[in-house]
Amino acid sequence: MAIITTAAGLNVRTGPGTTYPRVTTLSSGTILSTDAEKDNWSQIAEGTYINDWLCSDYISRLRDRDKEHQSVCGTVCGKFPDDCTARDRRRRSAAVFRKG
């Protein structure tokens with residue numbers, strides 16, 4: 001799993017390089033699965049853009065604890081564990097507890 005880190009968004013292309021046509025632009029914070037790598041380009045492994053490519057310079061690999069945190073509160077606070085404040089954690093825990 002990886003997350004797009006560039007603020008301006010990241011172009012998705014049909015092949016591993018800027019000479020290939022652009023398919024779309026994905027927003028910063030988008031999480032996706034990647035598979036193959038070639039010349040600093042990563043191939044998308046699932047979803048709408050499966051088999052398309054993006055530049056590896058602008059993505060960050062997610063660690064297991066980042067993925068777990070994102071699945072719990074990503075849409076609530078948009079932060080990863082290292083940036084999440086204790087107050088945010090308490091609020092999320094209460095929300096998860098209420099859900100059930």
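Which pattern does the protein follow, read along the sequence? I began my notebook with that, and I found β-β-β-β-β-β-β-β-α-α. In other words, I have two helices and eight strands to find my way around. A reminder to myself: this is a predicted model.

**Entry: the whole protein**

I looked up burial next, and 37% of the 100 residues count as buried. I also checked the accessible surface, which comes to about 6,400 Å². Carbon and sulfur atoms hold 47% of that surface. Then I turned to contacts with a separation of 6 or more, and residues 24 or more positions apart account for 40% of them.

**Entry: strand β6 and its neighbours**

I picked β6, residues 41–44, for a longer visit. Trp 41 and Gln 43 point one way from this strand, while Ser 42 and Ile 44 point the other way. I noted that all four are buried.

Which strands are joined to β6 by bridges? I found β5 joined to β6 by three bridges, and these two run antiparallel. Strand β7, residues 53–55, is also joined to β6 by three bridges, again antiparallel. Ser 42 makes a handy landmark here: its bridge partner in β5 is Glu 37, and its bridge partner in β7 is Leu 54.

**Entry: the turn**

I followed β5 into β6 and met a hairpin, with two residues between the strands. Asp 39 lies in this loop, and Asn 40 has its place there too.

I checked the backbone angles of both. Most residues other than glycine have a negative phi. Yet phi of Asp 39 is near 50 degrees, a positive value, and phi of Asn 40 is near 70 degrees, also positive.

Is Asp 39 buried or exposed? Asp 39 counts as exposed because its relative accessibility is 63%, and the cut-off for exposed is over 50%. Asn 40, at 37%, counts as partly exposed.

**Entry: Ser 33**

My last stop was Ser 33, in the loop between β4 (31–32) and β5 (34–38). Why does Ser 33 count as buried? Its relative accessible area is 13%, and buried means under 20%, so Ser 33 falls on the buried side.

I then listed what Ser 33 touches, leaving out residues up to four places away in sequence: Met 1, Gln 43, Ile 44, Ala 45 and Glu 46. Two of these names, Gln 43 and Ile 44, I already knew from β6. With Glu 46, the side chain of Ser 33 also makes a polar contact of 3.4 Å.

Note on methods. Residues are numbered from 1 along each chain as its sequence is written. This is a predicted model: local features need pLDDT of at least 70, side-chain atom pairs count only at pLDDT 80 or more; totals for chains, interfaces and linings use all residues. Side-chain values use heavy atoms; hydrogens and water are left out. Buried means under 20% relative accessible area, exposed over 50%, partly exposed in between (1.4 Å probe, protein chains only). A polar contact is a pair of N or O atoms within 3.5 Å; within protein, one must be able to donate a hydrogen and the other to accept it, and residues adjacent in sequence count only if both atoms are side-chain atoms. Contact means heavy atoms within 4.5 Å. Two strands pair if DSSP finds at least two bridges between them. Accessible areas come from the Shrake-Rupley method with a 1.4 Å probe; for residues, only the protein chains shown count as cover.
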